[in-house]
Amino acid sequence: MADIAFPNLGIYISKLPKGITIGGFTIAFYGIIMACSMIAGLWLACVQAKRTGQDKEVYMDFAIYAIIFSLIGARLYYVAFSWDSYKDNPLQIFNTRGGGMALYGSVIGAIITAIVYCKVKHYKFFLLADTAVAGLALGQIIGRYGNFFNREAFGEYTDTLLAMRLRVDQVNPDNITELMREHIQTIDGVSYIQVHPTFLYESLWNVAVLLLILIFTKRKKIDGEIFILYMVGYALGRVWIEGLRTDQLQIGQTGIAVSQALAGALAVFGIQTWVIVRIFLRRNAKHAGEASEDEAISGEGVRDGEADEEADGETDGE
């Protein structure tokens, strides 16, 4: 009997707790993993800073504020789109141990913090953003495994190669759909659902995004390009993955997943911005090339004139 299984891969994990208990106090693996993701993200941001000739202390200082306000942003984003669960008891907003953090909220919180930080410290925002997003992507790669331990953020029923099997009594019943119930399996008296492991999809997708960031860091033409690359890459993945999830935060009663809509808008905006930047750079390069040709022609004209004068001088001398 397994707590979590990937039956089509032959992987079965039994007795997987959601945390550890020390002296009567339980520490959730979700929190431990999130802490590790932040440390790893900060480390990579510092590596990127050194790689591009920047002072890593800037990023150590920025991280203090970014971590605090990204957590606040994650909570506020979740609460804003789950207000019906908090409006009758607002104090529950501060009960983060009960769950309720949204990744997009943390990203928004970090970006706002970066804008304010750069304004106060007189640092280039797009340079900082280009450097920090590598750490952000690594943090997301690691952080998604917190959802794995929590048995949350999964998708609809599937029987594909990566299908994940979860015990019904260990997941939030609100996230179990009719299709899942139709395919519930009972093994040794225990009921299981089988779902898309969307945490894994997003983690693997972000590995690809991180590799693109690392490859293009040395090839960028202007500050901001790597930030745009991250924004488009992450958003495109989120549009697909969010559509699979059954715990979507929705815009009112519209049935539209807010994170999916936001990801789609960011992807379109990012692609448009990328095209505009590339057109701008190409035009500048073309104008610079034409200017160089004009200078070369002018230089040749001057040299020809000097040669003619020298020739005339020699003739007069004769």
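**Exercise 1. Classify I72 and describe its surroundings on the surface.**

Solution.
Step 1. I72 has a relative accessible area of 40%, so it is partly exposed. The cut-offs: buried is under 20% relative accessible area, exposed is over 50%, and partly exposed lies in between (1.4 Å probe, protein chains only).
Step 2. I72 sits in helix 2, residues 56-80. Helices are DSSP runs of H or I with at least four residues, strands are runs of E with at least two, and both are numbered from the N terminus.
Step 3. I72 belongs to a nonpolar surface patch with I64, Y65, I68, F69 and L76. Together they have about 570 Å² of accessible area. Patch residues have over 30% relative accessible area and no salt bridge; like charges are joined within 9 Å, and nonpolar side chains (Val, Leu, Ile, Met, Phe, Trp, Tyr) within 5 Å. Areas come from the Shrake-Rupley method with a 1.4 Å probe, and for residues only the protein chains shown count as cover.

The model is predicted: local features need pLDDT of at least 70, side-chain atom pairs count only at pLDDT 80 or more, and totals for chains, interfaces and linings use all residues. Residues are numbered from 1 along each chain as its sequence is written, and side-chain values use heavy atoms, with hydrogens and water left out.

**Exercise 2. Find the salt-bridge partners of R167 and classify each residue.**

Solution.
Step 1. Apply the rule: a side-chain nitrogen of Lys or Arg within 4 Å of a carboxyl oxygen of Asp or Glu. The count comes to 12 salt bridges.
Step 2. R167 pairs with D3, with the closest N and O atoms 3.5 Å apart. This pair links distant parts of the chain: R167 is in strand 5 (residues 164-167), D3 is in the segment before strand 1 (4-6), and they are 164 residues apart. Both R167 and D3 are buried.
Step 3. R167 also forms a salt bridge with D169, at 2.9 Å from N to O.
Step 4. R167 has 15% relative accessibility, so it counts as buried. D169 has 56%, so it counts as exposed.

**Exercise 3. Describe the salt bridge between R278 and E225.**

Solution.
Step 1. The side chains meet at 2.6 Å, N to O. R278 lies in helix 9 (residues 258-317) and E225 in helix 8, 53 residues apart.
Step 2. R278 is partly exposed because its relative accessibility is 29%. E225 is buried because its relative accessible area is 2%.
Step 3. Now look at shared partners. Salt bridges join R144, E202, R238, E242, R245 and D247 into one network.

**Exercise 4. Work out how two helix pairs are oriented: helix 7 with helix 8, and helix 3 with helix 4.**

Solution.
Step 1. Axes are lines fitted to C-alpha atoms, for helices over the stretch in contact; angles run from 0 to 180 degrees between N-to-C directions. Under 35 degrees is roughly parallel, over 145 roughly antiparallel, 65 to 115 roughly perpendicular, and the rest oblique.
Step 2. Helix 7 (residues 198-216) and helix 8 (residues 225-242) have axes that come within 10 Å and cross at roughly 160 degrees. They are therefore roughly antiparallel.
Step 3. Helix 3 (residues 103-121) and helix 4 (residues 125-143) pack at about 155 degrees, with axes 11 Å apart. Helix 3 and helix 4 are therefore roughly antiparallel.
Step 4. Check handedness. A crossing is left-handed if the near helix is turned anticlockwise from the far one by less than a right angle, and right-handed if clockwise. Helix 7 passes helix 8 in a right-handed crossing. The crossing of helix 3 and helix 4 is right-handed.
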